[in-house]
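This report describes selected features of one protein chain. Please consult the sequence and the structure shown below while reading.

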Amino acid sequence: MGLNTPRGSANQPLPAPLHATPGTRSTARNHHPGCQYESTTLSTTHALAHPSSAPVSLRRPRLRATLTIVSLFGLLTAANLPTALYPLIGGKLDIDAFGVTIAFSSYVLSLLVGLVLFRPISARANRRTVIIAALLATSAATLGLALAPTLAWFCLARAVQGLAIAAATGTGSSALRVLLPGRPTLSGRLTLLATSGGVAAGPILGGVLSLVGSPTRTPFFVWAGLLLALVPLIMLAAPRNECRPAGMAAGATPAPRTMTTDTGTVIAVASAAPAIRTAAIVGFVSFAFLGFCLSLAPEHFADLFNATSRPMLGLLASLVLLASSGAQLFAVRGRWAAPIGLTAFAAGTLLLGVATAAASPSLTVAACLIAGAGQGIAFQQVFGAAVASVPVERHAATVNTIYAVTYLGSTLPVLGLGVAASAFGLTPAVLAFTGAIALACAGLAVAAFRGARQG
């Protein structure tokens with residue numbers, strides 16, 4: 001739901017050469033369609049001159065931003081409704097733990113393909129069209145989950161969900177960037193809040209809705225209807241001609257070489273690659289753990305604590321995601337935030353292994369909350385730095401790149417965990433898995449502490 005406004009004579013860019021003299025501070029404000037950046041230089045160097053256009057006025061930006069966030073939340077919730085229901089779905093489809101990981105991975109694999117395939121979509125397609133198409137496709141696929149007679153049909157519906165969400169993720173995040181001009185870090189934080197919140201809410205809502213009517217059908221029927229209800233609201237709130245991507249504008253100005261984040265930090269666009277790489281690596285490791293929570297965790301907790309309540313199993317599986325989402329509500333700043341968050345993430349995953357060995361519910365809850373909060377703080381920092389380091393034209397492609405690597409982490413490790421669970425039992429496999437994740441997080445924390453000292 002972005003913006004494209006043709007430049008008329010009243011909006012012709014004016015040359016803005018700006019020179020910095022030694023010991024002075026110089027600023028240049030550059031306006032791009034739907035977004036603005038501020039470049040600041042503090043040295044004897046000369047500031048880069050960029051053409052600028054007059055700022056434009058969006059209709060109903062807050063309502064459209066809210067609908068974008070709700071849409072992303074709803075899409076990710078739909079994809080994670082089955083989490084608390086996998087024990088029941090496994091019985092219905094006659095599959096074991098490895099079959100459950102296949103059902104989960106079919107969604108993630110298609111999501112990965114979609115993130116690569118649709119990487120440039122936000123620069124070419126109308127944002128409103130993409131979001132509406134994703135809602136319609138996910139609604140149909142969610143109905144397919146309710147009616148699937150075999151694992152193959154179930155996996156096909158999950159694959160459609162993955163492709164639709166892949167198309168919507170970068171596009172929705174880019175729309176937030178446009179609707180919140182000059183605040184790239186906030187748009188990134190809201191993207192994480194919407195997506196991680198949806199992932200966390202899915203298992204809980206799936207468990208609660210399963211108490212009404214058919215436990216393996218009602219949750220999917222209800223949520224498919226809610227997704228459909230968003231379509232007319234978006235069509236009314238977002239004028240189609242205002243949702244074209246900035247790249248479609250005739251005579252679009254080149255992207256600035258430097259930008260200012262929400263905190264006033266100047267970032268060179270050329271330095272975006274290290275920030276993107278760091279976000280992708282942290283995402284890979286953290287989503288390996290989240291992938292376990294969204295696939296085998298309900299069965300693991302059911303065996304460990306002899307639990308049968310589906311809402312309770314959904315809540316336990318979502319604790320990590322809930323804590324992670326809660327971290328997105330606060331703008332955590334400072335160069336030490338990422339290393340401290342990674343340290344907490346490592347400690348939480350290690351504690352979950354201890355809780356598993358001791359079969360302790362209280363330790364399990366504490367471990368999930370610590371791991372989730374640490375993951376949320378760390379990923380917020382590295383993801384926000386990555387998306388703030390690129391101009392709006394590259395925002396969606398950057399988000400898709402990060403999420404492609406991130407979701408790969410919830411595929412290969414989880415498939416390996418499923419194989420190990422089938423061969424050695426679920427509890428020993430979980431102990432080994434949590435130990436490996438804790439070790440990886442500790443390594444990332446050490447690297448982050450070194451980088452913070454150098455900074």
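How are H14 and H15 oriented to each other? H14 and H15 are oblique to each other, a term for angles that are not under 35 degrees (roughly parallel), over 145 (roughly antiparallel) or 65 to 115 (roughly perpendicular).

The model is predicted, so local features need pLDDT of at least 70 and side-chain atom pairs count only at pLDDT 80 or more, whereas totals for chains, interfaces and linings use all residues. Residues are numbered from 1 along each chain as its sequence is written, and side-chain values use heavy atoms, with hydrogens and water left out.

**Overall composition**

The protein chain has 15 helices and 4 strands; these are DSSP runs numbered from the N terminus, with helices (H or I) of at least four residues and strands (E) of at least two. Of its 455 residues, 55% count as buried, where buried means under 20% relative accessible area, exposed over 50% and partly exposed in between, with a 1.4 Å probe and protein chains only.

**The pair H14 and H15**

Helix H14 (residues 412-424) and helix H15 (residues 426-454) have axes that come within 7 Å and cross at roughly 140°. Axes are lines fitted to C-alpha atoms, for helices over the stretch in contact, and angles run from 0 to 180 degrees between N-to-C directions. Pro413, Leu417, Ala420, Ala421 and Phe424 in H14 meet Leu426, Pro428, Ala429, Val430 and Phe433 in H15; contact means heavy atoms within 4.5 Å. By class, this contact of H14 with H15 has 10 nonpolar, no polar and no charged residues. Ala, Val, Leu, Ile, Met, Phe, Trp, Tyr, Cys and Pro count as nonpolar, Asp, Glu, Lys and Arg as charged, and the others, Gly among them, as polar.

**The buried face of H2**

In helix H2 (residues 86-93), the buried residues are Tyr86, Ile89, Gly90 and Leu93. Seen down the axis of H2, they fall within an arc of 105°, so they line one face of the helix; the arc is that of the directions from the helix axis to the C-beta atoms. Their cover includes helices H3 (97-117), H5 (151-179), H7 (218-237) and H8 (272-295).

**Positive phi values**

Most residues other than glycine have a negative phi. The table lists residues with a positive value.

| Residue | Phi | Place |
|---|---|---|
| Arg60 | near 50° | loop between strand S2 (35-41) and helix H1 (61-80) |
| Ala359 | about 50° | loop between helix H11 (337-358) and helix H12 (361-388) |
| Asp94 | near 60° | follows H2 |

Arg60 is partly exposed, with a relative accessible area of 39%. Ala359 is also partly exposed, at 37%.
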